[in-house]
Amino acid sequence: MKIDIFNHFLPKKYFDRMVELVPKHGMVKRVSEIPCMVDLDLHFRHMDLFGDDYRQVLTIAAPPIEIFGSNANDMARLGNDCMADLIAKYPDRFPGFIAGVAMNDPEGCVVEAKRAINDLGAVGIQIYTNVLGKPLDAPEFAPLFDLMAEFDLPIFLHPTRTASFSDYQSETKSNYEIWWTFGWPYETSAACARLVFSGLFDKHPNIKIVTHHLGGMIPYFAGRIGPGWDQLGARTSDEDLTLVLKRLKKRPIDYFHMFYGDTALSGAKGATECGLDFFGVEKVLFASDAPFDPEKGTAFIRWTIEVIDSLNISEADRYAIYEGNARKLLKLKV
């Protein structure tokens, strides 16, 4: 079985409400141009192209729920209820779903995470790499990480950044969608670094965090993360960052190896091999990022399968990536 653990869907009720609340948001335009994002029949036809053994663990597509402001918790509940209905109705298609939470309400997001997991059967939660510009290691978000460590279910980390985050100080916006192409991998990497240096893995050594797009920049920059951050503080004169290294129980790079990654790399084989080398087969899971591909729903699945099938790995390792790791991490019963 091929269990696609990070793909995206928008239930019709959720999509319609989203369009009402943020009609001019860039992601509304993006997802509105992908019919199978909302059309379930078309979504199924796309899935059928990859055989009876292809399954999807569903997540609500961007934009981040926090952009809905005072309506964010209501949107999280609506999305999770809709996803739970899909899982109940089509268990042979969808073995589970990842719950959305509204982190702009730190107390409310904990309540919703508990409800989604305990009452609706969610197999994890999705959060974004920043909360309306605030870092994930802010103290008010600690209870959510505590909760997920207690549940022993994964946190799925999705990058977010917009054109308003400029690439140069002299400019007010990012041009040519650089904010997405390079900005999102940076977002993932920066968020992971903040969690590492906050001491999260010392507090919760068994916490599970799945980084979308196989860790962003992390695998490729292992040399900078390793020997580079072993010298933390050598480049800083206005504070003593060597104290951070003394506080941590491990080398910085050892914590980065504790993250999980998915194979949603738009069909890039070299990047997949780099990520596998960094995280290890036991921490890499099959994911396509469908339906955000040029074909609007089929290419990323096909390309990712082609890459995994072409890897010079054992069949046992291929099974782990396609199915075994997902079953273990998400505690799937199918």
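Q: What makes both faces of β2 count as covered in this predicted model?
A: Take the two sides in turn. Tyr54, Gln56, Leu58 and Ile60 sit on one side, Arg55, Val57 and Thr59 sit on the other, and all are buried. Buried here means under 20% relative accessible area. In a regular strand the side chains alternate between the two faces of the sheet. The strand β2 spans residues 54-60, and 7 of its 7 residues are buried, so "mostly covered" is a fair description.

Q: How do you know that β2 pairs with β1 and with β3?
A: A pair of strands needs at least two bridges between them. Strand β1 (residues 2-9) and β2 are joined by 6 bridges in the parallel sense. For β2 and β3 the count is 3 bridges, and these strands run parallel too. Both counts meet the cut-off, so both are called pairs. To find the places on screen, look for asparagine 7 opposite leucine 58 in β2, and for valine 57 opposite glycine 96 in β3. From β2 the chain crosses through α4 to β3, a β-α-β crossover that is right-handed.

Q: Why is the contact between aspartate 74 and arginine 77 called a salt bridge?
A: Side chains of opposite charge can pair when their charged atoms come close. The cut-off is 4 Å between the side-chain nitrogen and the carboxyl oxygen. For aspartate 74 and arginine 77 the closest N and O atoms are 2.3 Å apart, so the pair passes. The two residues are 3 apart in helix α4, which means about one helical turn separates them.

Q: What makes aspartate 74 and arginine 77 partly exposed rather than buried or exposed?
A: Partly exposed is the range between the 20% limit for buried and the 50% limit for exposed. Aspartate 74 has 42% relative accessibility and arginine 77 has 33%, so both fall in that range.

Q: How do you know that arginine 194 and aspartate 137 form a salt bridge?
A: Their closest N and O atoms are 3.0 Å apart, which is within the 4 Å limit. This pair links distant parts of the chain: arginine 194 belongs to helix α8 (residues 183-197), aspartate 137 to the loop between β4 and α6 (142-151), and they are 57 residues apart. With 43% relative accessibility, arginine 194 is partly exposed; aspartate 137, at 26%, is partly exposed as well.

Q: Why does the pair of lysine 331 and aspartate 152 tie together parts that are apart in sequence?
A: Start with the distance: the N to O value is 3.6 Å, and the cut-off is 4 Å, so this counts as a salt bridge. Lysine 331 lies in the segment after α15 (315-330) and aspartate 152 in the loop between α6 and β5 (155-158), so parts 179 residues apart in sequence are tied together. Lysine 331 has a relative accessible area of 40% and is partly exposed, and aspartate 152, at 29%, is partly exposed too. Elsewhere, salt bridges with shared partners join Asp81, Glu112 and Arg115 into one network. By the 4 Å rule, the total is 17 salt bridges.

Q: What makes the space lined by Ile60, Ala61 and Pro63, among others, a cavity?
A: Rolling a probe the size of a water molecule over the atoms shows where empty space is left. The term cavity applies because a 1.4 Å probe fits there but cannot get out. The search finds 2 cavities of 30 Å³ or more, and the largest has a volume of about 60 Å³. Strand β4 (residues 125-128) gives the most to the lining of the largest cavity, with 3 residues. That lining divides into 7 nonpolar, 2 polar and 1 charged.

Q: How do you know that the second largest cavity passes the size limit of the search?
A: Its volume is about 40 Å³, and the search takes cavities of 30 Å³ or more. Its lining includes Cys36, His43, His46 and Met47. Helix α3 (residues 40-48) supplies the largest share, 3 residues. The lining residues are 5 nonpolar, 4 polar and no charged.

Technical notes
Residues numbered from 1 in each chain as written. Predicted model: local features only at pLDDT ≥ 70, side-chain atom pairs only at ≥ 80, totals over all residues. Heavy atoms only, no water. 1 Å grid on protein atoms, 1.4 Å probe; cavity = no way out; pocket = protein on both sides within 12 Å on 5 of 7 lines; lining within 4 Å. Points joined across faces, edges and corners; volume = space filled by probe spheres on them. Helix = DSSP H or I, 4+ residues; strand = E, 2+ residues; numbered from the N terminus. Nonpolar A, V, L, I, M, F, W, Y, C, P; charged D, E, K, R; others polar. Buried < 20%, exposed > 50% of the residue type's maximum accessible area, 1.4 Å probe, protein only. Right-handed = clockwise from strand over helix to strand, strands pointing away.
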